[in-house]
Amino acid sequence: MTRSLLVTLLVVLVLAVSAIAGTIEGKVSPGKSVVYVDAIAGKTFPAPSQKPVMDQKGLVFNPHVLVVQQGAAVEFLNSDNVQHNVFWPSISGNKKETHNMGTWPKGEKRSFTFNTPGVVPLLCNVHPEMNGYIIVSPTPYFAETDASGSYKIENVPDGKYNVVAWHEGMKTQTKPVEVAGTGKADFTLSK
């Protein structure tokens, strides 16, 4: 009897845990976009301990688009044989959030902690043809789509959220989604 009770409790626990963490999935057109759960009222998340790297190699930002959680310290690396500069004129259009990290030679890294969510357009004063983006998600729930536009954000607690889709050169779009095991949000972005 005790063993069957224990097995029953284990099954109930597994079902309860799976019911409180779900998935948001869908498709974004055009592909190679970023999707994230927008800020959740009254909820904050600890800063991630990982330090993502934005490299400058071959006179391009690599990766071209980097998605990080709010509070992340991003390391900017110069892997080229020439000096590079990193600056951004705003975060999501807010010019009070401009920052210039300066210029540095090959092999050096500089770190910056992104505490403001939004789109950070990266530029280089030394090479004006260089550009890239950092997307700062206010939550740890984000994903990049594959080439066909499909995405999946896992381990999202059940609830109602606003989901944001971003693609370079397109208007950002927000949609409500309810997660009860699985939520679905498809986007068609336009210029």
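For the classes used below, Ala, Val, Leu, Ile, Met, Phe, Trp, Tyr, Cys and Pro are nonpolar, Asp, Glu, Lys and Arg are charged, and the others, Gly among them, are polar. The model is predicted: local features need pLDDT of at least 70 and side-chain atom pairs pLDDT 80 or more, while totals for chains, interfaces and linings use all residues. Numbering runs from 1 along each chain as its sequence is written, and side-chain values use heavy atoms, without hydrogens or water.

**Exercise 1.** Work out which residues line the largest pocket, and sort them by class.

*Solution.* Start with the term: on a 1 Å grid over the protein atoms alone, a pocket is an open set of points where a 1.4 Å probe fits, with protein on both sides within 12 Å along at least five of seven lines; lining residues have an atom within 4 Å of a point. Next, list the lining: Lys 32, Ser 33, Val 34, His 64, Val 65, Glu 144, Trp 166, His 167 and Glu 168. Sorting gives 3 nonpolar, 3 polar and 3 charged residues.

**Exercise 2.** Find the largest nonpolar core and say which strand gives the largest share.

*Solution.* Such a core joins buried (under 20% relative accessible area, 1.4 Å probe, protein chains only) Ala, Val, Leu, Ile, Met, Phe, Trp, Tyr and Cys residues through side-chain atoms within 4.5 Å. The largest has 19 residues, with Phe 76, Trp 88, Leu 122 and Ile 134 making the most contacts inside it. Strand E6 (72–78) is among the elements giving two or more residues, and E6 supplies the largest share, 3 residues. Strands here are DSSP runs (E, at least two residues), numbered from the N terminus.

Notes. Buried means under 20% relative accessible area, exposed over 50%, partly exposed in between (1.4 Å probe, protein chains only). Helices (H or I, at least four residues) and strands (E, at least two) are DSSP runs, numbered from the N terminus.
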